[in-house]
Amino acid sequence: NGATWLSIAGATGENYAPGALTQTTWYRRITTISLNGISCSAPSAHVVITVQGQIIAPVVSANQTICYNTAPAILTRTNATGGSGGFTYQWQNSTDNINFVDISGQSGTSYQPPALTVTTYYRVATIDPYCGTIYSNVVTITVRAPLTAPEICCGQILCLGYNSEPLNISIPPTGGSGNFSYRWQVSNDDVNWTNITGANGVSYNP
């Protein structure tokens with residue numbers, strides 16, 4: 001506190017190296033001279049080691065799951081606290097959650113990622129001019145596999161008035177979430193298509 005002083009056990013050399021500190025601490029050195037059995041002591045001027053408050057990293061929101069080649073929602077961050085308070089920020093991304101790179105020109109409180117085709121990770125680096133760099137949490141933008149269209153079977157040639165064979169999905173779709181629903185459509189010109197009421201199974205009997 002700069003007023004009450006305690007001797008540091010074993011610290012009797014000309015120099016002293018303080019350990020890691022968690023609070024502001026004052027130091028001084030006592031010099032003792034002994035002459036003819038008489039000891040005189042005098043303190044040096046004190047020095048202050050000012051400890052900045054612990055830095056609390058910003059929080060980035062939030063994890064998302066998106067379809068292939070679409071843009072996620074805007075990412076936002078809170079402000080860091082503690083330290084010197086003179087923070088600068090830098091958005092970073094990674095495709096492996098190990099090696100992060102700076103996103104050029106992105107230092108604001110929010111960031112709009114572009115359309116993504118691979119799962120991508122984002123974080124914010126917080127730079128304190130005195131205390132170094134700390135990092136926010138990492139958010140994950142999970143990108144689903146690209147969709148592949150189903151194939152149906154089979155084309156037919158019919159005599160007028162005859163019933164056709166049922167149409168079936170011969171090769172199912174893949175990608176996306178994998179949770180598919182279906183809606184059959186009909187057209188008489190291969191241009192204009194109309195939903196068929198109630199036809200939403202894996203097969204359809206015209």
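Visitor: In this predicted model, what is the strand order of the open sheet of three strands?
Guide: The pairing in this open sheet is antiparallel. Its edge strands are E17 (151-153) and E22 (203-204), each of which pairs on one side only. The order of the three strands is E17-E18-E22.

Visitor: Over how many bridges do E17 and E18 pair, and which residue in E18 stands opposite Cys 153?
Guide: Strand E18 covers residues 167-171, and E17 and E18 run in the antiparallel sense over three bridges. Opposite Cys 153 in this arrangement stands a residue of E18, Asn 168.

Visitor: Which peptide bond that involves Cys 153 is cis?
Guide: The bond in question has omega near 5 degrees. Its second residue, Cys 154, is found in the loop between E17 and E18. The cis bond runs from Cys 153 to Cys 154.

Visitor: Is Ser 164 buried or exposed?
Guide: Ser 164 lies in the loop between E17 and E18. Leaving out residues up to four places away in sequence, Ser 164 touches Gln 156, Leu 158, Asn 205 and Pro 206. Buried means under 20% relative accessible area. Because its relative accessible area is 15%, Ser 164 is buried.

Visitor: Which element gives the most to the largest nonpolar core?
Guide: The largest nonpolar core has 16 residues, and those with the most contacts inside it include Leu 75, Trp 91 and Ile 141. Two or more residues come from each of the strands E10 (88-94), E13 (120-128) and E15 (139-143). The element that gives the most, with three residues, is E15.

Visitor: Which residues with the most contacts inside that core are in contact with Leu 75?
Guide: Besides Leu 75, the residues with the most contacts inside the core are Trp 91, Tyr 111, Leu 116, Tyr 122 and Ile 141. Setting aside neighbours within four places in sequence, Leu 75 is in contact with residues including Ser 61, Ala 62, Thr 109 and Val 139. Its contacts also include Trp 91, Tyr 111, Tyr 122 and Ile 141.

Visitor: Where is Ala 62 in the fold, and what is omega for the peptide bond from Ser 61 to Ala 62?
Guide: Ala 62 is placed in the loop between strand E6 (60-61) and strand E7 (64-66). The bond that joins Ser 61 to Ala 62 is cis, with omega near -10 degrees.

Visitor: Which residue in the turn between E2 and E3 has a positive phi?
Guide: Strands E2 (residues 30-35) and E3 (residues 38-43) pair in the antiparallel sense over six bridges. Within this pairing, the bridge partner of Ile 33 in E3 is Cys 40. E2 and E3 form a hairpin with two residues between them, and a phi of about 55 degrees belongs to Asn 36.

Visitor: What is the relative accessible area of Asp 190?
Guide: Asp 190 has a positive phi of about 60 degrees although it is not a glycine. Asp 190 is found in the loop between strand E20 (185-186) and strand E21 (194-195). Exposed means over 50% relative accessible area. Asp 190 therefore counts as exposed, at 59%.

Visitor: Which residues form the nonpolar patch on the surface with Val 47?
Guide: Val 47 is found in strand E4 (residues 47-49). Val 47 is partly exposed, with a relative accessible area of 47%. The patch has about 210 Å² of accessible area together, and Val 47 shares it with Leu 21 and Ile 49.

How values were computed
Residues numbered from 1 in each chain as written. Predicted model: local features only at pLDDT ≥ 70, side-chain atom pairs only at ≥ 80, totals over all residues. Heavy atoms only, no water. Patch = residues over 30% accessible without salt bridge, like charges linked within 9 Å, V, L, I, M, F, W, Y side chains within 5 Å. Areas by Shrake-Rupley, 256 points an atom, 1.4 Å probe, with all protein chains shown as cover. Salt bridge = Lys/Arg side-chain N within 4 Å of Asp/Glu carboxyl O. Helix = DSSP H or I, 4+ residues; strand = E, 2+ residues; numbered from the N terminus. Buried < 20%, exposed > 50% of the residue type's maximum accessible area, 1.4 Å probe, protein only. Core = buried A, V, L, I, M, F, W, Y, C linked by side-chain atoms within 4.5 Å. Contact = heavy atoms within 4.5 Å. Pairing = 2+ DSSP bridges.
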